[in-house]
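This report describes the architecture of one protein chain, from its interior to its pockets and selected residues. Please consult the sequence and the structure while reading.

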Amino acid sequence: MLFLFSCEDESNTYEVGSSWMDAQSKMVMVDTLTVKMSTIMMDSVTTSGKSVMMIGNIKDQTFGQVNSSSLFELTPSTYTLTSPTTAVFDSIVMYLTNTNFYYGDTLKSYKLNVYPLQSRIKLNNGYLYNTSDFSYSSTSVGNAEFYPRPGTDSSYVKVRLDQSYGQNLFNTLKNSDVNTQEYFLNFYKGLALVPSSDNNAMLRFGMDTSYQVQINKSTKEKVTNVVRMYYHTASQNGTEEVKYTLDLNPSSTYQYNKIKSDFTGSDLANLTPQSPVSSLNLENKSYLMAGIGVFTKVEIPYLKSLKNIYENYKVIDATLSLSPVAGSYSNNFYNASPLYYYWGDKSNKIVSSTTDSSGTEVTVSLSNDSEFQNEHAYNFSLQSYVSTILSETVNSNYNLLIYPSSYSDVLAGKAVLGDTKNKTNPAKLKVYILGY
């Protein structure tokens with residue numbers, strides 16, 4: 001037998017449908033089914049269209065080194081200057097609005113550099129990926145150093161760009177017949193925001209209006225991520241100079257996060273997209289980190305053996321509890337919450353998401369009310385999954401894929417989960433069956 005009866009409950013009636021009424025039935029809980037867990041890696045993940053710039057470095061024993069830069073086109077709000085014949089350039093600044101997300105060490109100063117792109121960003125079937133690669137200059141046109149303050153009001157970073165860069169851009173708009181984005185991109189292909197190798201933190205900066213912050217208390221001026229050019233018209237015939245601004249907005253379509261990983265010397269040193277790693281070879285642990293396409297696969301190979309318990313049965317409940325391994329997370333490197341889980345095929349491609357009765361995608365939050373880490377857990381409802389596998393006539397061999405975010409998103413943190421043999425945080429699968 002591949003399972004044990006952990007408990008039984010007898011009764012004459014169960015409120016589970018007319019066919020089960022007035023039957024001599026038993027409730028059986030099975031908690032010894034084999035559960036196989038492994039860490040898998042995707043070739044690439046979509047990082048465009050997220051309205052978020054993710055920038056930083058992470059260095060730890062778990063994932064090695066992870067680096068994220070953000071590359072994007074700029075679109076001027078207008079291609080013409082006000083009173084161009086008398087316009088005079090003042091300065092150019094980039095504002096980055098904090099999303100209150102951080103990952104890593106925010107107690108040390110954080111540095112980033114700004115580089116002009118040398119090649120245009122081109123979509124691949126409508127998307128950009130963490131592995132997409134476009135060249136940028138080796139010469140910085142701006143930099144910033146600051147202490148991250150996630151969770152604070154009106155949080156933003158001001159990056160002053162070089163005067164020469166701003167003056168050339170200003171002259172292009174002033175003297176050239178630039179009137180379309182296509183023409184503008186011949187001169188300015190965009191920018192790359194690149195973190196310093198000294199950092200050990202990942203930050204996110206929001207691009208849409210929901211991340212607006214106030215940068216001037218007297219005028220109540222608000223911005224989101226933007227490159228802002230300041231200029232004025234020179235005084236003529238006694239008139240006062242007038243100040244103006246021109247915004248260059250990062251494109252929401254032609255923007256992506258370039259995320260690179262190096263597992264050398266880390267727990268995942270042997271992981272590649274072609275070579276998943278069993279939890280048995282990772283000290284009974286599996287790993288998740290959305291930005292680099294690292295996820296956990298769960299297989300229940302002998303699930304159909306449950307059909308041997310009764311000729312007639314009904315799956316009442318099934319829950320898979322996965323616990324973050326104690327010591328694998330802290331205030332700096334926290335666990336992702338919520339997690340998503342999907343049905344996957346043999347090649348680990350998404351077959352379907354897990355939804356509730358209304359069709360809404362199901363998420364699972366970390367239950368961490370206890371002060372003890374070994375009691376924290378994600379509890380996944382597998383009733384639908386188990387019922388489907390038991391009722392199918394042709395073996396689908398569906399597995400479960402667990403992501404630290406929606407599979408179309410890459411902006412969540414990491415997680416390290418114990419398998420069923422983990423000494424401190426073992427995975428647990430309980431299936432309740434009613435039958436006779």
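In this predicted model, the largest nonpolar core comprises 38 residues. Met53, Leu96 and Val159 have the most contacts inside this core. Strand 6, which spans residues 87-104, contributes five residues, the largest share of the core. Apart from neighbours within four places in sequence, Leu96 contacts Met53, Leu112, Tyr156, Val157, Val159, Leu193, Phe205 and Asn225. A second core, separate from this one, holds 37 residues, among them Val30, Tyr310, Val364 and Leu382.

Val157, one of the contacts of Leu96, belongs to strand 9, residues 156-160. Its relative accessible area is 9%. Because buried means under 20% relative accessible area, Val157 counts as buried. Beyond residues up to four places away in sequence, Val157 touches Met94, Tyr95, Leu96, Ala144, Phe146 and Phe205. Asp247 is 90 residues from Val157 along the chain, and the C-alpha atoms of the two are separated by 16 Å.

**Overall organisation**

The protein has 436 residues, of which 50% count as buried. Its secondary structure consists of three helices and 26 strands. Along the principal axes, the C-alpha atoms fill a box of roughly 100 × 50 × 40 Å. Of the contacts between residues at least 6 apart in sequence, 78% join residues at least 24 apart. The exposed surface amounts to about 20600 Å², and carbon and sulfur atoms supply 44% of it.

**Pockets**

The two pockets are set out below by volume and by the number of lining residues.

| Pocket | Volume | Lining residues |
|---|---|---|
| Largest pocket | about 460 Å³ | 20 residues |
| Second largest pocket | about 320 Å³ | 17 residues |

In the largest pocket, the lining residues closest to the centre are Met42, Ser44, Val45, Lys349 and Tyr403. The lining of the largest pocket divides into twelve nonpolar, five polar and three charged residues.

For the second largest pocket, the lining residues nearest the centre are Ile300, Pro301, Tyr385, Asn397 and Tyr398. Strand 18 (294-299) and helix 3 (383-391) each supply at least two residues of this lining. The lining of the second largest pocket is made up of seven nonpolar, four polar and six charged residues.

**Two serine residues**

Ser279 is located in the loop between strand 16 (277-278) and strand 17 (285-289). With a relative accessible area of 2%, Ser279 is buried. Residues up to four places away in sequence being set aside, Ser279 touches Met37, Ser38, Asn284, Lys285 and Asp419.

Ser381 is part of strand 23, residues 378-381. Is Ser381 buried or partly exposed? Its relative accessibility is 42%, so Ser381 counts as partly exposed, the range for this class lying between 20% and 50%. Outside the residues up to four places away in sequence, Ser381 touches Ala318 and Tyr341. Ser381 and Ser25 are 356 residues apart in sequence, and their C-alpha atoms are 24 Å apart in space.

Key: Residues numbered from 1 in each chain as written. Predicted model: local features only at pLDDT ≥ 70, side-chain atom pairs only at ≥ 80, totals over all residues. Heavy atoms only, no water. Core = buried A, V, L, I, M, F, W, Y, C linked by side-chain atoms within 4.5 Å. Buried < 20%, exposed > 50% of the residue type's maximum accessible area, 1.4 Å probe, protein only. Helix = DSSP H or I, 4+ residues; strand = E, 2+ residues; numbered from the N terminus. Contact = heavy atoms within 4.5 Å. 1 Å grid on protein atoms, 1.4 Å probe; cavity = no way out; pocket = protein on both sides within 12 Å on 5 of 7 lines; lining within 4 Å. Points joined across faces, edges and corners; volume = space filled by probe spheres on them. Nonpolar A, V, L, I, M, F, W, Y, C, P; charged D, E, K, R; others polar. Areas by Shrake-Rupley, 256 points an atom, 1.4 Å probe, with all protein chains shown as cover.
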